[in-house]
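Colleague: Could you walk me through this one, please? I'd like to see how you reason your way to each answer.

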Amino acid sequence: MLISNLEFLPDRKVVRHIGLVQGSSVRSKHVGRDMMAGLKNIFGGELKGYTELLHDSRVEATERMKEQAASIGANAVLNVRFSTSSIAAGAAEIFVYGTAVELADHV
Amino acid sequence: MFNLVVICILLLVGLVFGKMAEKKHLKSIIKRENQLNALPAIASRYPPSGDNVGPYRQLLVTGNVVIASDYFKTFLSGLINIFGGRVTPFESLLDRARREAMLRMKASADAVNAEFVFNVKYQTATIQQKGSGAIEVLAYGTALIPERR
């Protein structure tokens with residue numbers, strides 16, 4: 001499964017457009033991490049726990065998008081976009097979406 | 001009275017540690033930017049064309065970072081909010097976050113021997129917390145990896 005944020009691939013032909021596919025993931029850290037983050041808000045600096053958390057949920061959201069794309073017979077997802085929204089204190093939703101297509105084999 | 005003292009201490013701690021953290025971070029950003037200078041990352045939607053573009057494969061690369069504001073910055077921005085104007089304490093925060101995200105994206109492109117990253121997009125989100133905020137910046141783009149057939 002090929003994932004790309006390009007609208008088309010220069011060396012591959014799109015045989016069939018299938019449609020929009022998406023994946024999302026909502027995650028939060030445990031209270032301890034949130035408290036540490038609260039402390040960091042006094043000192044400033046990177047919140048490594050949250051960086052990891054968001055990275056992991058992005059990977060998961062992408063996996064879900066891939067699953068959906070595979071289930072409708074696509075072999076690639078193009079024009080992939082990421083979006084993030086915080087829905088509650090310490091929880092964030094990661095949303096990934098793109099166009100599922102069927103690509104021809106390498107020329 | 002006691003509350004005032006606590007706030008003053010927090011402000012001082014935020015000012016001192018925040019400044020230190022910012023200086024240290026900027027220094028490491030500049031160092032790594034120089035190291036990764038040979039790997040261009042551009043916002044153009046199309047790959048570079050020309051005779052020297054051989055067979056390649058492409059990979060979506062990302063880099064993200066969450067950075068918290070310090071107590072002093074948050075307090076200062078609250079003051080600026082009353083009078084209006086440029087919120088410079090947050091400008092430098094966002095600048096650092098963007099550059100860091102870009103660097104991490106470039107580093108992951110470099111790790112797979114990419115020569116070029118294009119169609120780079122930034123995305124910023126506030127990670128909400130009680131009282132003050134932290135921001136997340138994500139940079140993503142398409143890395144071109146030369147392929148020998």
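**The core and some contacts**

Modeller: Sure, and keep in mind that this is a predicted model. Its largest nonpolar core has 46 residues, and those with the most contacts inside it are A:Val77 and B:Val117.

Colleague: Which element gives the most to this core?

Modeller: Start with the elements that each supply at least two residues: from chain A they are α2 (48-71), β4 (76-88) and β5 (91-103). From chain B they are β1 (56-68), α3 (88-111), β2 (116-127) and β3 (134-146). The top giver, with seven residues, is α3(B).

Colleague: Is A:Arg58 buried or exposed?

Modeller: A:Arg58 sits in helix α2 of chain A. Leaving aside neighbours within four places in sequence, A:Arg58 is in contact with A:Phe82, A:Ile94 and, over in the other chain, B:Thr62. For the verdict, count C-beta atoms: 20 or more others within 10 Å is the cut-off. A:Arg58 has 22 of them within 10 Å, so it is buried.

Colleague: How are α1(B) and α2(B) oriented to each other?

Modeller: For two packed helices, you look at the angle and the distance between their axes. Here the axes of α1 (residues 2-35) and α2 (residues 71-83) of chain B come within 6 Å and cross at roughly 110°. Angles of 65 to 115 degrees share one label, so α1(B) is to α2(B) roughly perpendicular.

Colleague: How many nonpolar residues are in the contact of α1(B) with α2(B)?

Modeller: The α1(B) side includes B:Leu10, B:Leu11 and B:Val13, and these residues and others meet a group in α2(B) that includes B:Tyr71 and B:Phe72. By class, two residues of the contact are polar and one is charged, while the nonpolar ones number seven.

Methods:
Residues numbered from 1 in each chain as written. Chains lettered and ligands numbered in written order. Predicted model: local features only at pLDDT ≥ 70, side-chain atom pairs only at ≥ 80, totals over all residues. Core = buried A, V, L, I, M, F, W, Y, C linked by C-beta atoms within 7 Å. Buried ≥ 20, exposed ≤ 12 C-beta atoms within 10 Å, placed from the backbone. Helix = DSSP H or I, 4+ residues; strand = E, 2+ residues; numbered from the N terminus. Contact = placed C-beta atoms within 7 Å. Axes fitted to C-alpha atoms, helices over the stretch in contact; angles between N-to-C directions. Parallel < 35°, antiparallel > 145°, perpendicular 65-115°, else oblique. Nonpolar A, V, L, I, M, F, W, Y, C, P; charged D, E, K, R; others polar.
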